[in-house]
Amino acid sequence: MLPPLVSRLVSDPSLAIEHARRYAALTEAELAYAGQYWQRRAVAAVAAAVLLGVGLMLGGVALLVAQGPGAQAGWQANWLFWAVPLVPLALGVLAAFIAAGTIQPIPFATLRAQLAQDAALLLPATGPTAAQAMVNSAVTQSPEPVGEPAGAAPSPSASPAAAREADPS
């Protein structure tokens with residue numbers, strides 16, 4: 001006698017194909033999310049470098065002009081020499097904090113959690129020991145709730161075939 005999972009896959013092989021397709025969609029969504037995160041950090045780092053460089057150059061120019069003959073003659077807008085470089089310097093510091101990003105998402109946390117859940121379902125012989133430990137480690141490593149990223153395809157376990165298996169009628 002075949003195990004129930006094998007007999008189900010033999011009777012309806014489209015379930016395995018649909019499951020694999022959903023894993024591919026989940027992997028693609030995780031890659032897109034990670035790519036967007038690193039792209040945002042790279043853009044913020046470049047913006048910080050450019051803004052800090054511009055601010056330092058403007059500060060140097062302000063220092064030279066403030067010591068020039070116009071400032072010596074009693075020009076009343078000396079505060080302007082220092083206000084102009086402070087704007088790009090402040091924006092550069094802000095961009096540097098964004099680029100530093102203290103909270104980094106764990107790559108593929110959702111995919112790991114889904115694989116752990118499937119392992120827990122497919123490996124009942126190991127019981128709640130190894131499979132549950134995989135689920136717990138994937139969930140505790142994730143800084144955000146385990147689920148699908150925005151715009152992602154449904155998880156492999158949420159397929160219509162899984163719903164048919166859950167409904168015995």
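A salt bridge is a side-chain nitrogen of Lys or Arg within 4 Å of a carboxyl oxygen of Asp or Glu. The model is predicted, so that local features need pLDDT of at least 70 and side-chain atom pairs count only at pLDDT 80 or more, while totals for chains, interfaces and linings use all residues. Residues are numbered from 1 along each chain as its sequence is written, and side-chain values use heavy atoms, with hydrogens and water left out.

**Exercise 1. Salt bridges**

Determine how many salt bridges the structure holds, and which residues they join.

Solution. Step 1: by the rule above, the count is two. Step 2: Glu18 pairs with Arg21, where the closest N and O atoms are 2.7 Å apart. Helices are DSSP runs of H or I with at least four residues, strands are runs of E with at least two, and both are numbered from the N terminus. Because Glu18 and Arg21 lie three residues apart in helix 2 (residues 14–66), about one helical turn separates them. Step 3: Glu18 also forms a salt bridge with Arg22, at 2.9 Å from N to O. These two residues are four apart in helix 2, which again means a separation of about one helical turn. Step 4: through shared partners, the salt bridges join Glu18, Arg21 and Arg22 into one network. Side chains of opposite charge can pair when their charged atoms come close.

**Exercise 2. Burial**

Classify Arg21 and Arg22 as buried, partly exposed or exposed.

Solution. Step 1: buried means under 20% relative accessible area, exposed means over 50%, and partly exposed lies in between (1.4 Å probe, protein chains only). Step 2: Arg21 has 46% relative accessibility and is therefore partly exposed. Step 3: Arg22 has 9% and is therefore buried. Step 4: for the protein of 169 residues, 25% count as buried.

**Exercise 3. An aromatic pair**

State which residues form the aromatic pair and describe its geometry.

Solution. Step 1: rings of Phe, Tyr and Trp (its six-membered ring) pair if their centres lie within 6.5 Å; planes under 30 degrees apart are stacked, over 60 edge-to-face, and the rest tilted. Step 2: the structure holds one such pair. Step 3: Tyr37 and Trp38 form it, with centres 5.2 Å apart and 75° between the planes, an edge-to-face arrangement. Step 4: Tyr37 is buried, at 10% relative accessible area.

**Exercise 4. Overall fold**

Give the numbers of helices and strands in the protein.

Solution. Step 1: the protein has seven helices and zero strands. Step 2: along the sequence, the pattern reads α-α-α-α-α-α-α.
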